[in-house]
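Let's take a walk through this structure together, one stop at a time. Keep the sequence and the 3D view open as you read.

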Amino acid sequence: MLHAEQGFRPEESTAKPLAPGTVVRAADNAESIISGIYVNGNDRGTITAYLRNNEYWIPWELFLDESGLKPEETENGKTRYATSIGIIVFESDALETIENTTCISFSSLKQVFRVSPAFNQSLYAVMLTIPWQPGAPRKIGSTAATKKADIFAPGSSLSFIRIESDLLYDFKTDPDKNLLLETGGRLLGGTWNMTLEGDPEREMEPTQYHWTTYNRQLAFRAGTGTPDLYSIIDSRSFTGTQFGWSNRNVIRYLDFDRYSDSETFLAIDRTQLQTLEGDGPPAGIAELRLDGIVVARQRINLEGKFIFRNVRISTDLRKTEVYLYERSLADPPTTILDFTRRLSGRMLPKGELLIRGGAGKSGNILDSDNDEKNENVLFGHVQYGLSGRMSIEAGIGNNIDTGTADYYGGTILSIGGNWAAALYGARSNDRYAGEFRLEGSGRYWQASLWSNQQEKQYGEDDALQRERNALSFSLRPFRTMTVSLYGLSETIDGQRTQEYLLPGIYWGVFPGVQISATPNEDEQYRYESSFRLSASGNLRVAYENDIVSAEYAQSLNEKLSMRVLNTYARKTDDNVTTCYFNWLPGNTGYSMVEAGFSYSGGAFGFAGSLSTYVNTGLRLALRYSYNMNNAQALRIDELSFIDAASEPAQYLACALTWDLGWSGKRLYPINRTAVSTTRGGIAGKLDVESGSSLSSSDIDNVSILLNGRTMQQRQIGGSFFVGSLLPGIYSISVDPENLPVELVAGEGTRNVEVKSGTVTHLSIPVYARYGIAGKITGPSGQALAHAVIEISGKDGIPIKRTTSNEFGYYRIDELKKGTYSLKAISINGVALQGQQPKTVEISNDYLFNIDITVSGFFKAPVFDDAPAESGPENSVTGENDALPRMTT
């Protein structure tokens, strides 16, 4: 999962006070970066970091908080900090002020504090590895307090079940049915999972199945997989065993913050994955762009996740980005995620060694259509960080098509602070191939060169001789303008098949007006203009391949948006006009309704869809379409099985996804994508007391605190789930801020154990508490101040007392539903006799205007000039301790 996530806004940061005499320089021309932050592998939320002159900076206060450092002594701007590896002396003039925030650089963290900082482009997060503990080294025999679990992770072998059911009926042929069943859990000290897919009435076959176990340095997997070697040689899927060993920590290659359906075992280069996924605003829009050109869009599902599959990023130098919109394309994007592949993503730190390999039978041996299951597959791979600027690697695998062994080797080199280069060579089928890559980036420019060559019959007997060179360069001379240069030269068997060097431009002419011209691989330009017509309206016009398209997006209100599209083909004179409305009904935002209308050639079409979340794990989508050209429509993720290019003229579609976690006793709704080989989750429910008038939707806005912080969870009907948690013990509590005034959460904070591949269940009772309010008056109706009112339960035992104010009003809170009796027992310390109690019943609401009249004749007491001060309320009786006790 990427941590440039939906709608993040910079957190306000106030630097810790510095010692007298501290000098902090002011820094300008810094680029603010809203990113995630991991400390020793643990997700610590979101921060605002800064990039200036290719140097990253993070808030100084944040580092002190996360490290736990305490200053011991400050003199002449030098501060001493005690750590478990000794005393660290830091000169505060290395700090700089950026946007009113005191910051420390990665260089200072690395050189002075011996911390390993890095910015992970794949996760888009700051990674801090702190190898020491704050404070002086502990004496032998001392032990740290360990958090003990109140609720333990289940020990059962079954952890989750996912059901995905798709149905497409076109009113002419038999329905197209597909069922995906996925299940997994823990077994023999490891985690397992299996996926079966097919027509449930015909045949369902296992498509993926694994069992994985690991420790800090060694990982092992049995099941389906792929060698995932460098792309210069072929990788064939197989069924067998794989292992990986690192002299540092192999878990970081095994760990994904989200489960992915990729067969990759150890992700050496995560940016090489062909599936782009991440988090965004629920029911928002994710837009995939290559060099600024929109190539795909989809509606973010109501759990806040988007997935773009089969994205070509391993062979394309273009910038790959995902724009996230909260509600409408008419609004500015809330976040832009960069998925562009970088060479640095494959480099290893100095001295780190990674060895991996595998063996098995080609293909999926449990697939009845597999024709290659008798072929042996073998591979090995070694990678080493020769220095902080250079990694080397080599790999070997057998070629089942030619019966020969494939070899490759290469290196990745960091050149200065702006350039990286890679050089690889390979031998396959007794032929050779080579590849060279060069990447450079600065604050205002980026450059990429990718060149590869292969001999004839390389890899297979009928392969052709190829030479391919690709170039991409972009320069930002002004803040609102980017000029680019794209080049491609390709030769096949000595014949030049393609060659061009073309410019491109993106220019923000005025605020709200942008124009661009970008060539594609067919040497055809795409011209596009965007106009922000109002705060909630945006117009985009494009021309490409003799097709003119226009799109107008308008936010009508917070829950309703509209898009109008028109496409005109000049050669055929075809014209299609389409209009879409998207509506988020209700107050929770867990449902979405989409309606569309189209007109083309005198014929009308229409379509409608509903997508809703019943609870955390259950999602349902329905769509009906008639004569609707919706190739440009937003794709609803739950209906992604519909192929927009070949869909029938009329169809009815239904999709259901149901994720359930097994806690050892029963199934609970979860999000399966957040449970993986290295991570687990916590499923819970706010259990509202039965008989309450409150519905589950009344507590949808209540936040659940994870280790004291609000966790990113989609709570529906009181059920919640938080996943992607590394093994450990987490403190779970309810944030009382958004609880309805009549509700109180019971049991306080609970310590919950999480294990990889499992789901731990937690039930948090929530009780309804109401109150009684009214006025105390005398026989003639006069208000009585300082009267003590006592309330008793059905059994007659007093449970609370309160005192009326100067106007005679009283109030008693924190009462369960039931029958109570109230009576005045004293006024200004003088006991009252013969008062009849007033009986009331609380069912499911507060009781107001419960007035009490003091009966009988009494003599007003004589007071001193100054009344007695009120003291603290007694925690047992609820009586004010400063008031006299009842006397006869």
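Before the tour starts, one term: a residue is called buried when its relative accessible area is under 20%, exposed when that value is over 50%, and partly exposed in between. Keep in mind, too, that what you're looking at is a predicted model.

Try those words out on two cysteines. Cys103 has a relative accessibility of 0%, so it counts as buried. Cys654, with a relative accessible area of 25%, is partly exposed. And how many disulfides are there? The count comes to zero.

Now for the nonpolar cores. In soluble globular proteins, nonpolar side chains tend to be buried together. Here the largest nonpolar core has 28 residues, and those with the most contacts inside it are Ile58, Trp60, Phe63, Leu109, Phe113 and Val126. Several elements give two or more residues to this core, among them strand E2 (31–39), strand E3 (42–52), helix H1 (60–67) and helix H2 (106–111). Which element gives the most? That's H1, with four residues. To get a feel for the packing, zoom in on Leu109: leaving aside its neighbours within four places in sequence, Leu109 is in contact with Ile58, Phe63, Ile104, Arg114, Val115, Pro117 and Leu128. Apart from this core lies another one, of 23 residues, which includes Ala787, Ile842, Leu847 and Val854.

Next, head for His381, which you'll find in strand E25 (residues 376–387). Is His381 buried or exposed? Its relative accessible area is 2%, so His381 is buried. The side chain of His381 also makes a polar contact of 2.8 Å with the side chain of Glu393. Not counting residues up to four places away in sequence, His381 touches a whole set of others, including Leu229, Arg346, Leu354, Glu393 and Tyr408.

Gly358 is another stop worth making, and its place is in strand E24 (residues 353–362). With a relative accessible area of 13%, Gly358 is buried. Look across to Leu378: the two are 20 residues apart along the chain, yet their C-alpha atoms are separated by 5.9 Å. Setting aside residues up to four places away in sequence, Gly358 touches Thr241, Gln242, Val377, Leu378 and Phe379.

On to charged residues. Side chains of opposite charge can pair when their charged atoms come close. How many salt bridges does the structure hold? There are 26 salt bridges. One of them links Asp234 and Arg236, whose closest N and O atoms are 3.6 Å apart. Asp234 counts as exposed because its relative accessibility is 53%.

Other salt bridges sit elsewhere. Arg563 and Glu551 meet through their side chains at 3.1 Å, N to O. Since Arg563 lies in strand E38 (residues 560–569) and Glu551 in strand E37 (residues 547–555), the pair ties together parts that are 12 residues apart in sequence. Both Arg563 and Glu551 are buried. Then there's Arg801, which forms a salt bridge with Glu790, with 3.0 Å between the closest N and O atoms. Arg801 belongs to strand E56 (residues 798–803) and Glu790 to strand E55 (residues 787–792), so this pair ties together parts that are 11 residues apart in sequence. Arg801 and Glu790 are buried as well. Some salt bridges share partners, and in that way Glu287, Arg289, Arg526, Glu528, Arg540 and Glu544 are joined into one network.

Let's finish with strands. Strand E52 (residues 750–754) is mostly covered, with five of its five residues buried. Arg750, Val752 and Val754 point one way from E52, while Asn751 and Glu753 point the other way. Strand E50 (residues 728–734) runs antiparallel to E52, and five bridges join them. In one of those pairings, Ile732 has Arg750 of E52 as its bridge partner.

The last stop is an open sheet of three strands, in the order E57-E54-E61, with mixed pairing. Which strands are at the edges? They are strand E57 (809–815) and strand E61 (852–853), each of which pairs on one side only. Strand E54 (residues 770–777) pairs with E61 in the parallel sense over two bridges. There, Thr777 stands opposite Thr853 in E61.

Terms used. Residues are numbered from 1 along each chain as its sequence is written. This is a predicted model: local features need pLDDT of at least 70, side-chain atom pairs count only at pLDDT 80 or more; totals for chains, interfaces and linings use all residues. Side-chain values use heavy atoms; hydrogens and water are left out. Buried means under 20% relative accessible area, exposed over 50%, partly exposed in between (1.4 Å probe, protein chains only). A polar contact is a pair of N or O atoms within 3.5 Å; within protein, one must be able to donate a hydrogen and the other to accept it, and residues adjacent in sequence count only if both atoms are side-chain atoms. Contact means heavy atoms within 4.5 Å. A salt bridge is a side-chain nitrogen of Lys or Arg within 4 Å of a carboxyl oxygen of Asp or Glu. A disulfide is a pair of cysteine sulfur atoms within 2.5 Å. Two strands pair if DSSP finds at least two bridges between them. A nonpolar core is a set of buried Ala, Val, Leu, Ile, Met, Phe, Trp, Tyr and Cys residues joined through side-chain atoms within 4.5 Å.
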